[in-house]
Every structure is written in structure tokens, then in C-alpha cells.
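Me: I would like a close look at a single part of this model, with its surroundings described carefully enough that I can follow each contact in the coordinates. Please take one helix and work outwards from there.

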Amino acid sequence: METGQSRQQAAPGAFASFARFVLCGGGVGLASSFAVAALASRIPWVLANAVITVVSMLLATELHARFTFGAGGRATWAQHAQSAGSAAAAYAVTSAAMILLHQLMAAPGAALEQVVYLSASALAGIGRFAVLRLVVFARSRPKTTMAKRTARPVRATVAHAPALLCSCA
């Protein structure tokens, strides 16, 4: 029978985490870019981006908890709430990029919008990776790993050592 500690995965290193982050987050981000474009044909772009950002953040946080950072299971409500802060920053970056694009060009094509959106998402994603790795999922790593690094050996003392030395002579 497995215990809670044995089910937890060892946290992957920074490179492996980043590769998994790009795979999971990039996949969700790519799907989100098409979803934003489709939804923006029915509602204002900023609202479409907000809706898709919330849905993609929930999905990505679950993927990152289970796969990217080795948290050992589903994301907690606290992790979702913390992740929402980085998603809000990503929303601000993508929205600002799109607003700037529309200020510079009256009618940019769909391909240019996708390039700008995905570039802004990639930039925001780097910041999001740092926040998720160093803050959101840092505490969910197995505590036994930290205990092994900081544990000091217990030294036993023998109370009658001087008496033994004297009686041997």
C-alpha cells in the first residue's frame, strides 16, 4: 500500500520543469490563441481574452501541478489562487500587446494578431514559469527531501566512558 509520501514524485530539475512547462503551457497557450480568435468574433476581444485566460489558467495549473513541477497530484485551491495572479499578469501583457497592435494598425490581419498574441504569451510565460516554480509549487515539493538535506547525525555519548578508561589500565 502506498503512503502519501511515496506517491509524491521527486521534483524535476529546472531544465526538465521548463521543458514540461513549454509543452503543457505552450499547448494550452496555442489552443487558447485559436479559442480567443474564435470567441472574439462574437464578443469584444478583451472580454474573450479574459474568459479564455481564466479557462486556460485553470487547465494549465492542473497540468503543471500534475506533470510540470512534480507536485504529486491535483492543484490545491491555494495554488489555483496564486496561479491566478500570474495569469492576471499574463492577461495584462497579452491585452497590452493587442491594444498596441490595434493602435499601430487599423486592421491587422489574423496572422499578425496571432503572431503578436503568441509572442506576448511567450514573454508572459517566462515570467509565469518563474512564479510557478519558485512560489506556487515550491512548497508542494516533498518535505522529506528538505529533511534529508538538513538532517544532522545524532551523536550518542557514553556516560561512563571515563570509568571504562580507568578500569582498563
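What follows is one connected account of a helix, its packing partners and the charged pairs found in the structure.

Reply: The part chosen here is helix α2, which covers residues 14–40, and everything said about it refers to a predicted model. Within α2, the buried residues are Ser17, Phe21, Cys24, Val28, Ser32, Ser33 and Val36. What covers these buried residues includes α3 and α5, and the two packings are best taken in turn.

The partner treated to begin with is helix α3, residues 45–68, whose axis comes within 9 Å of that of α2 and crosses it at roughly 155°. Because angles over 145 degrees count as roughly antiparallel, that crossing makes α2 roughly antiparallel to α3. The crossing of α2 and α3 is right-handed. On the α2 side the contact is made by Ser17, Arg20, Phe21, Leu23, Cys24, Gly25, Val28, Ser32, Ala35, Val36, Leu39 and Ala40, while α3 contributes Trp45, Ala48, Asn49, Val51, Ile52, Ser56, Leu59, Ala60, Leu63, His64, Phe67 and Thr68. By residue class, this contact of α2 with α3 divides into 16 nonpolar, seven polar and one charged.

One of the residues on the α3 side deserves a remark of its own. Leucine 59, which lies in helix α3, counts as partly exposed, because its relative accessibility is 47%. Leucine 59 is 35 residues away from cysteine 24 in sequence, and their C-alpha atoms are 9.5 Å apart in space; both residues appear among those that meet where α2 and α3 are in contact, and cysteine 24 is among the buried residues of α2.

The other partner is helix α5, residues 110–136, and here the axes of α2 and α5 come within 10 Å and cross at roughly 140°. That angle makes α2 oblique to α5, and α2 passes α5 in a right-handed crossing. The α2 residues that take part are Ala14, Ser17, Phe18, Phe21, Gly29, Leu30, Ser32, Ser33, Phe34, Val36 and Ala37, and they meet Gln114, Tyr117, Leu118, Gly125, Arg128, Phe129, Leu132 and Arg133 in α5. The residues of this contact of α2 with α5 divide into 11 nonpolar, six polar and two charged.

Serine 32 offers a useful point at which to bring the two packings together. Serine 32 is found in helix α2 and counts as buried, because its relative accessible area is 7%, where the cut-off for a buried residue is under 20%. Leaving aside neighbours within four places in sequence, serine 32 is in contact with Ile52, Ser56 and Tyr117. Ile52 and Ser56 belong to the α3 side of the contact with α2, whereas Tyr117 belongs to the α5 side of the contact of α2 with α5.

Moving outwards from α2, helix α5 also packs against helix α4, residues 77–104, with axes that come within 9 Å and cross at roughly 155°. That makes α4 roughly antiparallel to α5, and the crossing of α4 and α5 is right-handed. Among the α4 residues in this contact are Ala87, Ala90, Val93, Thr94 and Ala97, and among those of α5 are Val116, Tyr117, Ala120, Arg128 and Leu132. The contact of α4 with α5 divides into 14 nonpolar, seven polar and two charged residues. Tyr117 is thus listed in the contact of α5 with α4 and in that of α5 with α2.

The charged pairs remain, and they lead back to α3. A search of the whole structure finds two salt bridges. In one of them, the side chains of glutamate 62 and arginine 66 meet at 3.2 Å, N to O; both residues lie in helix α3, four residues apart, about one turn of the helix. Glutamate 62 counts as buried, at 13% relative accessibility, and arginine 66 as partly exposed, at 46%. Glutamate 62 also forms a salt bridge with arginine 74, the closest N and O atoms being 3.7 Å apart. Arginine 74 lies in the loop between α3 and α4 and glutamate 62 in helix α3, so this pair ties together parts that are 12 residues apart in sequence. Arginine 74 counts as exposed, at 60% relative accessibility. Salt bridges that share partners join Glu62, Arg66 and Arg74 into one network.

Key. Residues numbered from 1 in each chain as written. Predicted model: local features only at pLDDT ≥ 70, side-chain atom pairs only at ≥ 80, totals over all residues. Heavy atoms only, no water. Axes fitted to C-alpha atoms, helices over the stretch in contact; angles between N-to-C directions. Parallel < 35°, antiparallel > 145°, perpendicular 65-115°, else oblique. Left-handed = near helix turned anticlockwise from the far one by under 90°. Contact = heavy atoms within 4.5 Å. Nonpolar A, V, L, I, M, F, W, Y, C, P; charged D, E, K, R; others polar. Buried < 20%, exposed > 50% of the residue type's maximum accessible area, 1.4 Å probe, protein only. Salt bridge = Lys/Arg side-chain N within 4 Å of Asp/Glu carboxyl O.
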